[in-house]
Amino acid sequence: MAITKKESQALAKQTFEYAPAPEAIDHVKIQPRYGLFIGGKFVTAHSKKRFPTINPATEQKLAEVVEADEVDVDRAVKAASKAFDSWARLSPSRRARYLFRISRLLQERSRELAVVETMDGGKPIKESRDVDIPLSAAHFFYYAGWADKLEWAFPNRKPRPLGVAGQVIPWNFPLLMLAWKIAPALAAGNTVVLKPAETTPLSAMVFAEICMQADLPPGVVNIVTGAGKTGSLVVTHPDVKKVAFTGSTEVGKLIQRAVAGTGKKLTLELGGKAANIVFEDAPLDQAVEGIVNGIYFNQGHVCCAGSRLLVQESIAEPLLEKLKRRLSTLRLGDPLDKNTDIGAINSRAQLEKIQELVESGIEEGAELYQPECVLPARGFWFPPSLFTNVAQSYRIAREEIFGPVLSVLTFRTPDEAVAKANNTPYGLSAGVWTDKGSRILWMAERMRAGVVWANTFNRFDPTSPFGGYKESGFGREGGVHGLLPYLELN
Ligand code: NDP
């Protein structure tokens, strides 16, 4: 029997109560203090400065890490330089074996890693468990396969590793970004010095333990914790031959200036302001799921998040009604609970940035919608939000918010959709929702975005290249393309 519209609205409003389902944490051993991982072991740092890493959902301290200084970074780069000759000369199939071993160990320790990632970063356990950790293992597995096939990957060329790679990663996907950086570098025969983000160093510390478990030769991977200054020391060190950075466009520009003229190879994966475009012939319920996944996944801390929804005017009303209803069913709270959809904001600083941009949206005249939502008393939280009545000139339509905030704009024709989607200094990703294959191809040809998803969003695979245009950076990670920045082709 069909239900009336009123009944269906009442149903949608009904809150489905779930019993708490917290992931166990008793199997996880976080050390109170970590040293630096240099030359195959944890060493006492030269720097006496330490800082705490906290759980953003509770504001409780989890551990202390070192703020590595110039002497520490130099020591790490020296260890990587020393290891380079033998690692580069090692038979490629033996290099592959180490990468396979790391991949297996990531799988074996996946539960522990998921808990660490969630406690340190605030993301829901179902995301760290089902996305971050399996994809990290898959990256090592995939690049292990390339290690002894480099000459087939680049026929008639002589691929050679570059030397020491200096890698700086952000806090939104800590282990996954580590895997994106370290796996191709090692497969190509380079050694690395990596700096994790200040707010999320712990999964990198577990990864250091995994390198020891895998008997990786000393110095092949070195991990130095610290803040922006440490990152800058890594990328500017004269013996670093290749720099790979993921993070904000602002810091990306600083790094580009710092390495200009040094001969270092550089790849930058920076911010985004992606358009998720829904045409009137799209399956609306699926599109709603794609929109939710596009912007509320990982609290919107995603460089390729679908933060601008472009919806065809004729279906704007029903689509927004469905979307608002769906938002009211999202569960925000304890990231360790397996039913949680929206976890904690990664840091107080990021929360303040989101709040400031949301305020600007209201001041400029956009209309804010937030479902009823009780925020926990401690920790950093922001409810899933959407803005309507947004003009393209508003800051919320132009700037990367990096939070669970969607800006909704409308369009009438495909040309207008393309013009609006491309009206941004960024160019990392886009989504198209339509029933017509020909329209998908037509749109994909015209979008200035590194990846265009069709009738889906936020899909990642190690075999598929990822990277940006314009202020979203340059160079590709993933796939055979991801090897290229770590090789010299003679
Ligand atoms: P940053 O770009 O500052 O951080 C990324 C990484 O770079 C971190 O490891 C950081 O260290 C390091 N770093 C900072 N300054 C330097 C420097 N001068 N030289 C070398 N390394 C440096 O991002 P934030 O964490 O400050 O976030 C700010 C905004 O950036 C966010 O609100 C979001 O909009 C955007 N962002 C985009 C990301 C993306 O994937 N595109 C990822 C993260 C942020 P430390 O953590 O210690 O500061």
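User: Why is the largest cavity said to lie between domain 1 and domain 2?

Analyst: In this predicted model, domain 1 (36-270 + 471-488) and domain 2 (275-462) both contribute lining residues, so the largest cavity lies between them.

User: What makes a residue part of the lining of the largest cavity, and which residues lie nearest its centre?

Analyst: A lining residue has an atom within 4 Å of a cavity point. For the largest cavity 13 residues meet that condition, and F173, L176, M177, W180 and F460 lie nearest the centre.

User: Which helices each supply at least two residues of that lining, and which gives the largest share?

Analyst: They are α5 (125-146) and α7 (174-187). The largest share, 3 residues, comes from α7.

User: How do you know what classes of residue line the largest cavity?

Analyst: Sorted by class, its lining has 11 nonpolar, 1 polar and 1 charged residues. Phe, Leu, Met and Trp count as nonpolar, so F173, L176, M177, W180 and F460 belong to the nonpolar class.

User: How many cavities of 30 Å³ or more are there, and what volumes do the largest and second largest have?

Analyst: The whole structure holds 5 cavities of 30 Å³ or more. The largest contains about 100 Å³ of space, and the second largest has a volume of about 80 Å³. The second largest cavity is lined by 15 residues, with A421, T424, S429, R448 and A449 closest to its centre. Two or more lining residues come from each of α15 (414-422) and β16 (429-433).

User: What is the class make-up of the lining of the second largest cavity?

Analyst: That lining divides into 8 nonpolar, 4 polar and 3 charged residues. Arg counts as charged, so R448 is one of the charged residues there.

Technical notes:
Residues are numbered from 1 along each chain as its sequence is written. This is a predicted model: local features need pLDDT of at least 70, side-chain atom pairs count only at pLDDT 80 or more; totals for chains, interfaces and linings use all residues. Side-chain values use heavy atoms; hydrogens and water are left out. On a 1 Å grid over the protein atoms alone, a cavity is a set of points where a 1.4 Å probe fits but cannot get out, and a pocket is an open set with protein on both sides within 12 Å along at least five of seven lines; lining residues have an atom within 4 Å of a point. Grid points are joined across faces, edges and corners, and a volume is the space filled by probe spheres set on the points. Helices (H or I, at least four residues) and strands (E, at least two) are DSSP runs, numbered from the N terminus. Domain bounds come from an automatic or database domain assignment.
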